[in-house]
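The questions below ask what stands behind the terms used for a protein model with a bound ligand. Each answer sets a computed value against the criterion that applies to it.

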Amino acid sequence: GVSDEAGPSRQSIPHTNGMNSGSISAKAKVIQEQRRRLPIAQGRDALIDEIRSHDVTVLLGETGSGKTTQVPQYILESGIARNGMIAVTQPRRVAATSLAQRVALEQSVPVGSLVGYAVRFDEKHSSKTRIKYLTDGMIVRELMSDPLLSNYSVVIVDEAHERTLRTDLLIANLKSIQKQRNPSPNDKGKGKADSSNPLKIVIMSATLDAEKFSKFYHNAKIIYVKGRQYPVKIYHSAESQLDYADAAMRTFFQIHTDQPPGDVLIFLPGQEDIEGLQKSIQLFANQLPVDTPAVLTCTMFAAQDNSQNSKAFNQTPPNTRKCILATNIAETSITIPGIKYVIDSGKCKEKQYLARSAGGGFDTLLTRDITKSSAMQRTGRAGREGMGVCFRLYTEEAYSNMAVSGDPEILRCSLTSSILNLKFASALKTLWLLGAIDNNQQLTPAGRKMALFPLEPQYACTVVASKAFACTSEILDIVSILSASSKLFLDITEQREAVAEARRKFRHPSGDHCTILNAVKAYREITASSNKHGRREWCRKHFLNERTFLEARDIREQLVVTCGRVGIDATVSAKENEDAIVKSMGHGLAGNSAFLQADGTYKQTMGQTIIKVHPGSTLCDKKHPAIIYDELVYTNQIYARGVSAIPKGFFLSLSAFKQRKA
Ligand code: ADP
Ligand code: MG
């Protein structure tokens, strides 16, 4: 018989409403069998005992052992989290949504009921929710309205080894929350801690450097879960590859034609590489002789929607080789079954803070070499279900020169010092400039409103400012496009002329923000008058990314709800008053402004950096005395992107600006 300890005892799970009463379907049986076979299942009881008897537990386990999907369910089934929800944090939104889906399936409930998720611009949970997967960014946001996280009994900090800025901030915050919520022997009788609702913390990590976390929490116990790892044969390139995409493609087809069946996982730095290589592989696969097995490509990256990402989990059809192209999301967050071969480009994208000028630098995404620790994780993906092979598109020497592990994001990115020691840095200055905090670093009433918007502070400020300028509807149109994960205007180098021609239609003399607005309005008209196919064709013809429109529509809906909460009427429209729109944008982007100089370049108003207007901008060859911009891109020059002209005198109307200049 099946041991009851390892298996989930369905009767003990509350809130399932007897969905499985009587007959458990064949598929559900298979899933329960898979759960029982996971390496972590053997340690279930010991793990529960540890968590029950300690405030903090550090859990270290190889990728695929079952940490992320099983531990929350074990805690739920054990009754440890009787007074609140179980939060499971993830650095990436794709991981949060797809894991919630998987765990809901394992519990035989729809997503959003017992098992839910919350990521920026997308939430599915209800009063029934007991296990909530959420991004580290979302839980840090919840801290603002609920500083003790009182809705949660257990917070599981997952993927802690990635050391993202927000995960690190969360870990720091949880320590002080626990001090306030959990009774300690010395506190007895002082009535300081609220012992009725203590908080448990579980830190989960996939790599070996868990001691740091344990030390931080007064030497919390570290529990190890062994994974299943079969040997993986590693091949390095004989010489270094200049074009890793091309090398990946050749390697894939070598595997496909010479090697036994088994799916292939290719690690690439980002979305563009993935989409480019997917096209090439499909094109080439169609030309293979008919007796060669078919090739099925799937992609996985952060900006892609969940239904696309989850295709990688589908069973590979017969006589087919699945080829999954992924970013480092597949390194530890998500385990795809069936992988026998890994191709590792040796590259990843990493956020980097370029502190170039006194007025503050900026974050940028750079493609760079991975670390040894990443290389090992990637290799490991090939040996989950049997012996595997890993092809590294870099030399053995390059491997030996790799850094052992990366710097935590907190050492690389702009918010660091400011948020942690709240003394000095551009983040505070930005918040102050936006009117979100006052001279004493206290949140202002406007700041309180801004904090509720799931937006970058600049754009939250813009939305709040739009009330006074009576143009909220238009500002929501623009800000939701700017907050989508991919750009609206596609740049296709080979068709530069055609692109420019198509764009001219939307061009607005004030700059890129109203140009975006024109495109949104045009798309809205097309949506009203034509079907899905017509819309797609129209977007293609105008080199517009329809996915951005669709994502922006969802974002806009959420922003309308938040506007309602803070008393901003989202339907108020500027009509043809562009001046109001640009000025609202200017309130948020005052820190991103520059004045024209005699030589035709611009100089930051808040710093010393000399910038040029990006060639893709509507204003690239028009000079204006003052501009605002969405971002700076750093190539051989520093370019401002998303630019609008603004009256030079506008800045004088901003009180923070006046104070600063004074
Ligand atoms: P860990 O967190 O230890 O890396 P997980 O709990 O994420 O492990 O995954 C455990 C197992 O569950 C994986 O081996 C994988 O095969 C399976 N799994 C996870 N998500 C899915 C999914 N969406 N579809 C199918 N199987 C999944
Ligand atoms: Mg995991």
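Q: What makes the sheet with the order 9-16-13-10-12-11 an open one, and how are its strands paired?

A: In this predicted model, the sheet has 6 strands with parallel pairing. Strand 9 (232–236) and strand 11 (294–300) stand at its edges with a single partner strand each, so one side of each is left without a neighbour in the sheet. Neighbouring strands of this sheet are turned by 20° against each other on average, direction ignored.

Q: How do you know that strand 10 and strand 13 pair?

A: Two strands pair if at least two bridges are found between them, and strand 10 (residues 263–267) is joined to strand 13 (residues 339–344) by 5 bridges in the parallel sense; the criterion is therefore met. Within this pairing, L265 stands opposite V342 in strand 13.

Q: Which strands does helix 12 lie across, and at what angle to strand 13 does it run?

A: Helix 12 (residues 372–380) lies across strand 9, strand 10, strand 13 and strand 16 (388–392), and its direction is at about 150° to that of strand 13.

Q: Why are strand 4 and strand 8 called edge strands?

A: The second sheet considered here is an open sheet of 8 strands in the order 4-3-5-2-6-7-1-8, with mixed pairing. Strand 4 (122–124) and strand 8 (221–225) are its edge strands, as each pairs on one side only. From one strand to the next, the twist averages 20°.

Q: How do you know that strand 6 pairs with strand 2, and what joins strand 6 to strand 7?

A: The requirement is at least two bridges. Strand 2 (residues 85–90) and strand 6 run parallel and are joined by 5 bridges, with T89 opposite V157 in strand 6, while strand 6 and strand 7 (residues 200–205) are linked in the parallel sense by 4 bridges, with V202 of strand 7 as the bridge partner of I156. Both counts therefore satisfy the criterion. Strand 7 is also joined to strand 1 (residues 56–61) by 5 bridges, again in a parallel run, and there V58 stands opposite I203.

Q: What makes strand 6 largely enclosed by the rest of the structure?

A: A residue counts as buried if 20 or more other C-beta atoms lie within 10 Å of its own. In strand 6 (residues 152–157), 6 of the 6 residues are buried, so the strand is largely enclosed by the rest of the structure. For the protein chain of 662 residues, buried residues make up 42%.

Q: How do you know that the length of helix 3 agrees with what is expected of a helix?

A: The expected span is 1.5 Å times one less than the number of residues. For the 12 residues of helix 3 this gives 16 Å, and the helix reaches 16 Å from its first C-alpha to its last. Helix 3 is followed by G79, whose phi is positive, near 80°.

Q: Why is helix 3 called largely enclosed, and what does it lie across?

A: Because 9 of its 12 residues are buried, helix 3 is largely enclosed by the rest of the structure; among the buried residues are K67, T68 and T69. Helix 3 lies across strand 1, strand 2, strand 5 (131–135), strand 6, strand 7 and strand 8, running at about 170° to strand 2.

Q: Which helices supply at least two residues each of the shell around ligand 1, and what classes of residue make up that shell?

A: Helix 3 (67–78) and helix 4 (93–106) each do so, and the largest share, 4 residues, comes from helix 3. The ligand is surrounded by 15 residues, of which the closest are K67, T68, T69, R102 and F313. By class, the shell holds 3 nonpolar, 10 polar and 2 charged residues. Helix 4 itself lies across strand 2, strand 3 (115–119) and strand 5, at about 170° to strand 3.

Q: What makes helix 17 largely enclosed, and against which helices do its buried residues pack?

A: In helix 17, 10 of the 13 residues are buried, so the helix is largely enclosed by the rest of the structure. Its buried residues pack against helix 16 (445–452), helix 18 (472–483), helix 22 (546–565) and helix 23 (578–588).

Technical notes: Residues numbered from 1 in each chain as written. Chains lettered and ligands numbered in written order. Predicted model: local features only at pLDDT ≥ 70, side-chain atom pairs only at ≥ 80, totals over all residues. Near = placed C-beta within 6 Å. Nonpolar A, V, L, I, M, F, W, Y, C, P; charged D, E, K, R; others polar. Contact = placed C-beta atoms within 7 Å. Axes fitted to C-alpha atoms, helices over the stretch in contact; angles between N-to-C directions.
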